[in-house]
Amino acid sequence: MPDAWLAAVPGAREHEPLGPHSWYGIGGRARYFLALDDDAGLAALIARLTREGAPYLVIGAATNTLFAAEELPGLTIKLGTARLAVDGSRVTASAGYLMPKLAADTAKKGRTGLEFGAGVPGMVGGSVVGNAGAFGREVKDGLVSTDVIDPQGQVHTLSAADCRLAYRDSILKSEKAGWVVLSATFETGEDDPSRIRDRIKEVQRHRRQTQPIEKRSLGSTFKNPPGDAAGRLIDACGLKGRRLGDAQISEKHANFIVNLGGATADDVLALMAEMRNRVFERFGIELEPEIRVIGRAPRGLVDGRRSTRFPSCPPSRSSARWIPSASSRCRFISTRTGAGWWAHRSRGWWARMPPANTCTFRRTRRNIRWCPPRTALASHPRCHRST
Ligand SMILES: Cc1cc2nc3c(=O)[nH]c(=O)nc-3n(C[C@H](O)[C@H](O)[C@H](O)COP(=O)(O)OP(=O)(O)OC[C@H]3O[C@@H](n4cnc5c(N)ncnc54)[C@H](O)[C@@H]3O)c2cc1C
């Protein structure tokens with residue numbers, strides 16, 4: 001077993017269920033899982049993981065992450081470090097600091113600029129990676145620098161410019177995938193704490209009004225396309241309230257998929273495919289996922305770049321054109337590779353197409369991705385038409 005040394009890492013748990021660690025309550029297991037409240041030994045651990053060739057994934061509150069694998073290989077690290085330092089106008093928070101707590105705690109100290117954090121239920125690390133934002137402000141507006149560990153275990157300080165923050169995007173999702181955020185420093189302004197608190201209350205009130213926060217979700221499923229809102233497009237396709245298993249497109253906000261209790265990753269992915277497909281059919285717009293899908297996932301339904309060292313994400317979004325097949329059974333087929341999310345309607349449910357009597361599916365390394373061989377696809381009478 002190449003990863004057997006991981007069992008000896010202090011605190012590492014084997015075959016840990018990920019559902020309880022995810023805001024969504026959905027997930028398979030992690031082969032090895034480590035919850036860290038202290039990042040002192042993290043650089044050395046990352047260096048060792050890289051040397052040993054073991055995949056790793058660092059998560060925060062997993063409010064933006066759908067665990068779709070049966071079991072994630074290697075080590076999954078939940079970073080819960082909670083340090084906060086205020087030095088004049090500079091606020092430095094560790095990766096595991098919750099954004100709403102950051103907003104509240106800096107407000108107490110009379111520092112303004114981080115009120116938007118009250119609308120982002122995740123942690124600082126994930127928020128830097130995804131340039132989280134809400135109600136007109138985002139991480140990019142205040143970030144000065146972030147301390148990170150590279151895959152060789154070296155600690156660097158990246159300036160905000162180095163991070164190349166863009167709409168729900170940063171260099172940590174692409175070129176610097178596998179780098180770990182340790183902390184972030186923000187520039188803040190000064191204001192009266194009670195006025196800052198009022199603004200936080202306003203963010204919370206607006207959130208309660210517009211988002212289904214009483215149910216489990218991952219927030220916005222898709223990014224807004226330029227000049228439009230994904231929720232408006234999905235709503236215009238009549239998809240509000242659409243339900244597959246226990247996953248439902250929220251009645252309150254069409255870009256949220258809520259877990260009504262027992263939703264599975266398959267339910268969520270099939271709903272995402274339907275939302276994306278219907279919007280593409282009607283408006284010719286390809287929605288790009290905002291949530292991070294880890295593990296088995298249809299091509300075109302992850303953000304298209306390798307955002308960690310897991311071999312789970314498709315390499316390129318250029319393969320992500322999904323078109324409806326005329327067949328009632330095959331719905332989404334990648335035009336470039338033929339790989340796809342195969343679904344069929346059965347008693348009102350969508351499910352992954354069973355391999356036996358349809359196409360021969362090949363299971364790739366470590367259970368993570370399904371892909372039909374091109375030959376099987378081309379010879380299948382119902383499936384090859386759209387390739
Ligand atoms: C109800 C609800 C509302 C939401 N509203 C908003 C909103 O208004 N605006 C918004 O931007 N987002 C929103 N989100 C999404 C989410 O809260 C943010 O994206 C948040 O920044 C994610 O933080 P996290 O700790 O949960 O990250 P996770 O989901 O744990 O991780 C997200 C990504 O970052 C990586 N990552 C996490 N921590 C680190 C680290 N320390 N180092 C390196 N990589 C790391 C993970 O590997 C993963 O790729 C919402 C979510 C929910 C559930």
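Here is a quick briefing on the ligand surroundings and the strand pairings in this structure. Keep in mind that you're looking at a predicted model. There are 35 residues around the ligand, and α3 gives the most to that shell. Elsewhere in the briefing you'll meet an open sheet built from four strands and a hairpin made by β6 and β7.

**Around the ligand**

- Let's start with the residues that come nearest to the ligand: they are G60, G122, G125, G126 and G219, out of the 35 around it.
- Four elements each supply at least two residues of the shell: β3 (56-59), α3 (124-129), β9 (133-134) and β13 (180-187).
- The top contributor is α3, which puts four residues into the shell.
- Sort the shell by class and you get 18 nonpolar residues, 16 polar ones and one charged one.

**The four-strand sheet**

- Read across the sheet and the strand order is β1-β2-β5-β3. The sheet is open, and its pairing is mixed.
- Why do β1 and β3 each have one side without a neighbour in the sheet? Both stand at the edges with a single partner strand each, so there's no neighbour on the other side.
- On average, neighbouring strands of this sheet are turned by 40 degrees against each other, if you ignore direction.

**Who pairs with whom in that sheet**

- Strands β1 and β2 are paired antiparallel, with four bridges between them.
- If you'd like to find a spot where β1 and β2 meet, look for E16: its bridge partner in β2 is A30.
- Strands β2 (residues 29-36) and β5 (residues 71-79) run parallel, and seven bridges join them.
- You can trace the β2 and β5 pairing through two residue pairs. R29 sits opposite E71 in β5, while L36 has L79 as its bridge partner in β5.

**The β6 and β7 hairpin**

- Strand β6 (residues 84-87) and strand β7 (residues 90-94) run antiparallel and are joined by four bridges.
- One pair to look up here is V86, which stands opposite V91 in β7.
- How many residues lie between the strands of this hairpin? There are two, and G88 takes a positive phi near 65 degrees.

Methods: Residues are numbered from 1 along each chain as its sequence is written. This is a predicted model: local features need pLDDT of at least 70, side-chain atom pairs count only at pLDDT 80 or more; totals for chains, interfaces and linings use all residues. A residue is near a molecule or strand if its C-beta atom, placed from the backbone, lies within 6 Å of it. Ala, Val, Leu, Ile, Met, Phe, Trp, Tyr, Cys and Pro count as nonpolar, Asp, Glu, Lys and Arg as charged, and the others, Gly among them, as polar. Two strands pair if DSSP finds at least two bridges between them. Axes are lines fitted to C-alpha atoms, for helices over the stretch in contact, and angles run from 0 to 180 degrees between N-to-C directions.
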